[in-house]
Amino acid sequence: MKAVVFEDVGKIEYKEVPDMNIPQPDWVKIRVHSAGLCGSDLQKFLSDIPPREYLHTTILGHEIAGVIEEIGPDVKGFNVGDRVAVEPLIPCKKCEACLIGKYELCTNLKSIGKDYPGGFAEYTFAPYTNLSILPDNITFDEGALVDPLAAALHCIHEGEISEGKTVVIIGDGTIALLCLQIAKIYKAKPVIIGKHKKNLDVANSLGADETLLFEEARESSNLNGKFDYVIEAVGRKQSDTIKMSIDLAKPGGTIIVAGVYDPSYIGEIPLRKLFYKEIKLIGSNSYSMYKGEREFNIALRLISEGLVDVKKLITHKLPLREFKKGISLMQSKGENKVIKIVYHP
C-alpha cells in the first residue's frame with residue numbers, strides 16, 4: 001500500500017510499504033478515504049527531535065474516516081463496508097483515570113498515528129470499540145474532523161463554559177473556530193482574536209460576537225480584564241498568547257490552554273499577575289467522556305444535526321501523494337489562506 005512515511009528529522013516520503021494484517025482479533029482494517037492534517041502532526045514533522053525517540057510508528061495521522069475493509073473474528077456490531085470515523089485514543093481501561101471516564105489521562109494511553117500506524121496511508125487499523133458509524137448525511141471529509149471537534153468540545157467542558165459567559169478565543173485555526181461554534185451552542189458570548197483576516201471572516205460567518213486581529217487586541221486596553229474565560233488555541237514556541245490571556249481574563253477568571261506547545265518549549269508566565277487576579281489556568285488535552293457519553297460521539301452528533309459546520313474549515317483537499325505540498329501550505333498558512341487540509345489517499 002502507499003503511505004507517507006516519517007523516518008527521521010526532515011525525512012518524509014510518500015512510498016510503497018508492505019501490506020499489514022489485522023493486529024488483534026477485535027480490530028478492523030479500514031480503507032482511508034479522508035485524513036486531516038493536525039497542527040500536532042505538523043509539529044512532529046518539523047521538529048528537530050528524532051521521531052524514533054517519541055513515536056512507535058512511522059505513519060502518522062489521527063483524524064481519520066473511511067470504510068471497513070476487513071474485520072477480526074472478535075469484532076461486534078460492525079461489518080465490511082461500513083462507513084466509519086475513527087477515534088484514535090486507545091486507553092488501558094484499567095487505571096484510575098480510565099475508571100472515572102478521564103481516559104485522556106490514561107497512564108498507559110496509546111494512540112493511532114503515534115503508537116500504531118495512522119491515517120496517512122491507504123489503509124489503517126483500529127479496535128472496533130474506537131469506531132463510530134458515519135450517518136448518511138456526513139461526508140468522509142467531515143468525518144475526519146470529528147476528532148478535532150471532540151477536542152474542542154472537551155475544552156468547553158473542562159472550563160464548564162455556560163450560558164451568558166464572556167469567552168475570548170486566542171487563535172483562528174481549526175480548534176479555535178470549532179471552540180467558537182461550541183461556545184455559541186452553549187449560549188456563551190465568544191470573541192475571536194487571530195492573525196489571519198481570512199480566518200476571522202470565517203469566524204464572523206460562524207457567529208462570533210466580535211473578531212479582532214492581534215494588533216488590534218494589543219492596542220485595545222479596554223479588553224483587559226473583560227472575559228470570564230480565555231481559550232488559548234495557538235501553542236507552538238511562544239509565550240505571548242499566555243501573557244495576553246492573563247491580561248484578558250477577569251479577576252477570578254479561567255484560562256484554558258488548548259494550543260499544542262512544542263515539547264521542548266519552556267514558556268514564560270507573569271505569575272505575579274496570575275496570582276494577584278486569582279486566575280485558574282487549566283490544560284485541555286484531547287477528549288474522553290462527558291456525562292457518561294464519549295465526547296467523540298457527541299461531536300459526531302453535532303455535525304450530523306447541523307449544529308457545527310466543519311465544511312467551512314476545510315480549505316484544501318489534496319491527494320496523499322501531495323503530502324509535502326500540504327506541509328508547505330501550512331508553513332505559510334496566512335499567505336495560502338489555510339485552515340484545515342484534508343488528504344485523500
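## Briefing: strands, a pocket and a few notable residues

Strand β3, spanning residues 27-36, is mostly covered, with eight of its ten residues buried. Please keep in mind that this is a predicted model. From β3 we move on to its partner strands, then to an open sheet of six strands, the second largest pocket, and some loop residues, including two non-glycine residues with positive phi, E278 and K337.

**Strand β3 and its partners**

- Strands of a sheet pair through backbone hydrogen bonds, in either a parallel or an antiparallel sense.
- With β4 (residues 63-71), β3 forms an antiparallel pairing over eight bridges.
- Within that pairing, R31 has V67 of β4 as its bridge partner.
- Strand β8 (residues 123-127) also runs antiparallel to β3, and five bridges join the two.
- Here K29 is matched with F125 of β8.
- Strand β19 (residues 340-344) is a further antiparallel partner of β3, joined to it by two bridges.
- On β19, Y343 is the bridge partner of A35.

**The open six-stranded sheet**

- Which strands make up this open sheet, and in what order? The order is β12-β11-β10-β13-β14-β15, and the pairing is parallel.
- The edges are taken by β12 (210-213) and β15; each has a single partner strand, so one side of each has no neighbour in the sheet.
- On average, and ignoring direction, neighbouring strands of this sheet are turned by 20° against each other.
- Looking at one pair, strand β13 (residues 227-232) and strand β14 (residues 249-257) run parallel and are joined by five bridges.
- If you would like a landmark in that pair, E232 has V257 in β14 as its bridge partner.
- Helix α5 (residues 174-185) lies across β10 (166-170), β11 (189-194) and β13.
- The helix α5 runs at about 165° to β11.

**The second largest pocket**

- How much volume does the second largest pocket have? The value is about 180 Å³.
- Its lining is made up of E87, L89, P91, K93, C98, Y103, T129, N130, M289 and R294.
- By class, the lining residues of this pocket divide into five nonpolar, two polar and three charged.

**Two positive phi angles outside glycine**

- E278 is not a glycine, yet has a positive phi of about 50°.
- You will find E278 in the loop between α9 (271-277) and β15 (280-283).
- Is E278 buried or exposed? Its relative accessibility is 63%, so E278 counts as exposed.
- K337 likewise has a positive phi, of about 55°, although it is not a glycine.
- The loop that holds K337 lies between α12 (333-336) and β19, and β19 is one of the strands joined to β3.
- With a relative accessibility of 49%, K337 counts as partly exposed, because the exposed class requires over 50%.

**A glycine in the loop after β4**

- G81 is located in the loop between β4 and β5 (83-86).
- The relative accessible area of G81 is 43%, which means that this glycine is partly exposed.
- Which residues does G81 contact, leaving aside its neighbours within four places in sequence? They are V67 and I68, and V67 is also the residue of β4 that bridges to R31.
- G81 and K324 are 243 residues apart along the chain, and their C-alpha atoms are separated by 30 Å.

Conventions: Residues numbered from 1 in each chain as written. Predicted model: local features only at pLDDT ≥ 70, side-chain atom pairs only at ≥ 80, totals over all residues. Heavy atoms only, no water. 1 Å grid on protein atoms, 1.4 Å probe; cavity = no way out; pocket = protein on both sides within 12 Å on 5 of 7 lines; lining within 4 Å. Points joined across faces, edges and corners; volume = space filled by probe spheres on them. Nonpolar A, V, L, I, M, F, W, Y, C, P; charged D, E, K, R; others polar. Buried < 20%, exposed > 50% of the residue type's maximum accessible area, 1.4 Å probe, protein only. Helix = DSSP H or I, 4+ residues; strand = E, 2+ residues; numbered from the N terminus. Pairing = 2+ DSSP bridges. Axes fitted to C-alpha atoms, helices over the stretch in contact; angles between N-to-C directions. Contact = heavy atoms within 4.5 Å.
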